[in-house]
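These are my notes from a first pass through one structure. I went from topic to topic and wrote down what I looked up.

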Amino acid sequence: MPTLGLREFREKFAAQLAPCHRSLQFWVRAVDVYTTYKVCQFRAGLVKDAEKREAMWERQHELAAVKMYSLCSELGGLFLKAAQILGKPDLAPAAWVKRLVTLCDKAPATPISVIQKILEEELGQNFSDIFEQFDAEPLGSASIAQVHRAKLRGLKTDVAIKVQHPGVQHLMMIDIHNLQAFALFLQKTDINFDLFSLTKEVEKQVAYEFDFLREAAAMEKINKFFHDNNKKVPVLVPRVIPGMVTRKVFAMEFIDGIPIMNLGDEMAKRGIDPGGKFAALAKQKILKSLTLAYGQMILKNGFFHADPHPGNILICKGSEVALLDYGQVKDLPDSLRLGYAKLVLAMADSDPLMAKLSVEELGIKTLSTHADGDQELLTLARKMFDTKFPPGVTMISPFSEDSSLNKITVQRFPEELFSVLRTMQLLRGLSVGMRIYCSCAEQWRPIAEEVLYKAGRLKEYVAFNICILFNTNANHEAESKPESEPQLTLLDTGKASNL
């Protein structure tokens, strides 16, 4: 008995120390990566030769990539989600991408004995009474849950069973609070962007992910939306298995497909050149299906799947796309949905003034230090909310000398928009990774026009552009006339209000 008491004391003591130890691990590693970059930045500033500077940065990226991989893989939890965002070819250095992309669905798996116990507790039945067959090896293990393929008794088709890792939620909340503190630091020292608001939205979204009842309802809602609005759905959504959903366990239709990350390897196995014309056509079809699905969800519905990282996308027979994992969804208020539709048109039209007004309507507060502030704001809007790079841009880094954030400070960024921003960044990562460079804004133009028309807002957009066009032409004409003539423009006459 005394030995048992001592063991229990040790376990309790270790559990109480775990949050402090985890926080210490994060800060030691984060400060290490940050300081080595600042030292490299200082040393590179003293070197005049461009090639030598580039070589210095490459070495720094390689060293930092090893450290970031170690941080994300060993701490797991929220940092695996961070790896999904940082491991994008359009955002991070190639050395980071090469390492971090391998962490997708690579979280440590919960032992099968624990999984069986959770299933019995949650579903209220013996494991053998529920399942005819259950694969002990998970299909994938992510930061919050792992998924197994199984066959239910009385059901002919296979199902996917999603089971939460025990004890993870508390640790992820600790990670978020550490990231919030680090974001505030970066916001004050290096990055002119409202990072803290983004981390607050992450905190809300992660909390939602631990409720599988909410996820199942979201999956059914989005599935119904696609079927109600399309003759042929742009993406496949798994069906929920009735009576098999709790807060910690979720059974859904099993969809057979190839993870999008493995598409190139699968093509090569089948004798198809991954860089050839046939592969390019297949990739274009896949990307078109995905972008159409997101255009409809964000602009038409306002309720959308907000986590299109590669681990959540399967390629099925006939290049059909399946979209998995509805833990992160967002329901945009109509004001933001319509404001974003206007921004989509402004980006598609390359209209700096309309982009500025749309950004303001979305509640994004900026401060420009650039001579051509409106044009630079349009460039920043495209970097944030479109999948195609602005002209001359190949990678987006907030630390680069020509970063838009060195010319425009984003003083306030609405938390509600973070899911749109993250979704667009992930879609761009897919586009760059597949080497299919397309603009969502251009593809979504018809959808944006449709939703603005139905809301009675398209006329004001068209009228505004006509007024600007007429006013510009009138000003040009006035400049060419003698100075004694009165210079009247369309806006001066008040006719704009009648358009």
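**Cysteines**

I started with Cys440, which has a relative accessible area of 0% and is therefore buried. The model is a predicted one, and I kept that in mind throughout. I then asked which cysteine sulfur is nearest to Cys440. The nearest is the sulfur of Cys438, 5.9 Å away, and Cys440 is in no disulfide. A disulfide needs two cysteine sulfur atoms within 2.5 Å, so this pair does not qualify. For the model as a whole I noted zero disulfides. I also looked up Cys40, which is buried because its relative accessibility is 5%.

**Gln443**

Next I moved to Gln443, which lies in helix α16. Is Gln443 buried, exposed or partly exposed? Its relative accessible area is 34%, so I put Gln443 down as partly exposed. I listed its contacts, leaving out residues up to four places away in sequence, and found Thr291 and Cys438. With Thr291 there is also a polar contact between the side chains, at 2.8 Å. I checked Leu292 as well: its C-alpha atom is 7.8 Å from that of Gln443, although 151 residues separate the two along the chain.

**Lys81**

I turned to Lys81 in helix α3, which covers residues 78-86. Lys81 has a relative accessible area of 9%, and residues under 20% count as buried, so Lys81 is buried. What does Lys81 touch, apart from residues up to four places away in sequence? I wrote down Ser143, Ile144, Met172, Glu209, Asp307 and Gln328. For Glu209 I added a polar contact of 3.1 Å between its side chain and that of Lys81.

**Aromatic rings**

I searched the whole structure for aromatic pairs, and the search gave 16. For each pair I looked up, I noted two values, because a pair of aromatic rings is described by the distance of the centres and the angle of the planes.

The pair I took up to begin with was Phe26 and Phe79, at 5.4 Å centre to centre with 15° between the planes. Planes under 30 degrees apart count as stacked, so I entered Phe26 and Phe79 as stacked. Phe26 is in helix α1 (residues 2-45) and Phe79 is in helix α3, so I was looking at distant parts of the chain, 53 residues apart, linked by the pair. Phe26 has 4% relative accessibility and so counts as buried. Phe79, at 2%, counts as buried too.

The other pair I took up was Tyr340 and Phe385. Their ring centres are 5.6 Å apart and the planes make an angle of 65°, which I entered as edge-to-face. Tyr340 belongs to helix α12 (residues 334-348) and Phe385 to helix α14 (residues 373-385), and the pair links these distant parts of the chain, 45 residues apart. I found both Tyr340 and Phe385 buried.

I then asked which residues make up the aromatic cluster that includes Phe26 and Phe79. The cluster consists of Phe26, Trp27, Tyr34, Phe79, Phe182 and Phe185.

**Charges over rings**

I looked for charged ends placed over rings. That of Arg214 sits over the ring of Tyr208, 3.8 Å from the ring centre. The charged end of Lys221 sits over the ring of Phe303, and here the distance to the centre is 4.1 Å.

**Positive phi**

I checked the backbone for positive phi values, because most residues other than glycine have a negative phi. Ser350 has a phi near 55°, which is positive. Ser350 is in the loop between α12 and α13 (352-361). Its relative accessibility is 41%, so Ser350 counts as partly exposed.

Arg435 also has a positive phi, near 60°. Where is Arg435? I found Arg435 in the loop between α15 (418-434) and α16 (440-454). Arg435 counts as exposed because its relative accessibility is 67%.

**Confidence**

Last, I looked up the pLDDT. The protein chain averages 86, and 85% of the residues score at least 70. Over residues 483-499 the pLDDT is below 50. I noted that this stretch has 19 contacts in the model beyond near neighbours in sequence.

Note on methods. Residues are numbered from 1 along each chain as its sequence is written. This is a predicted model: local features need pLDDT of at least 70, side-chain atom pairs count only at pLDDT 80 or more; totals for chains, interfaces and linings use all residues. Side-chain values use heavy atoms; hydrogens and water are left out. Buried means under 20% relative accessible area, exposed over 50%, partly exposed in between (1.4 Å probe, protein chains only). Helices (H or I, at least four residues) and strands (E, at least two) are DSSP runs, numbered from the N terminus. A polar contact is a pair of N or O atoms within 3.5 Å; within protein, one must be able to donate a hydrogen and the other to accept it, and residues adjacent in sequence count only if both atoms are side-chain atoms. Contact means heavy atoms within 4.5 Å. Rings of Phe, Tyr and Trp (its six-membered ring) pair if their centres lie within 6.5 Å; planes under 30 degrees apart count as stacked, over 60 as edge-to-face and the rest as tilted. A charge sits over a ring if NZ of Lys or CZ of Arg is within 6 Å of the ring centre and within 35 degrees of the ring normal. pLDDT is the predictor's confidence in each residue, from 0 to 100.
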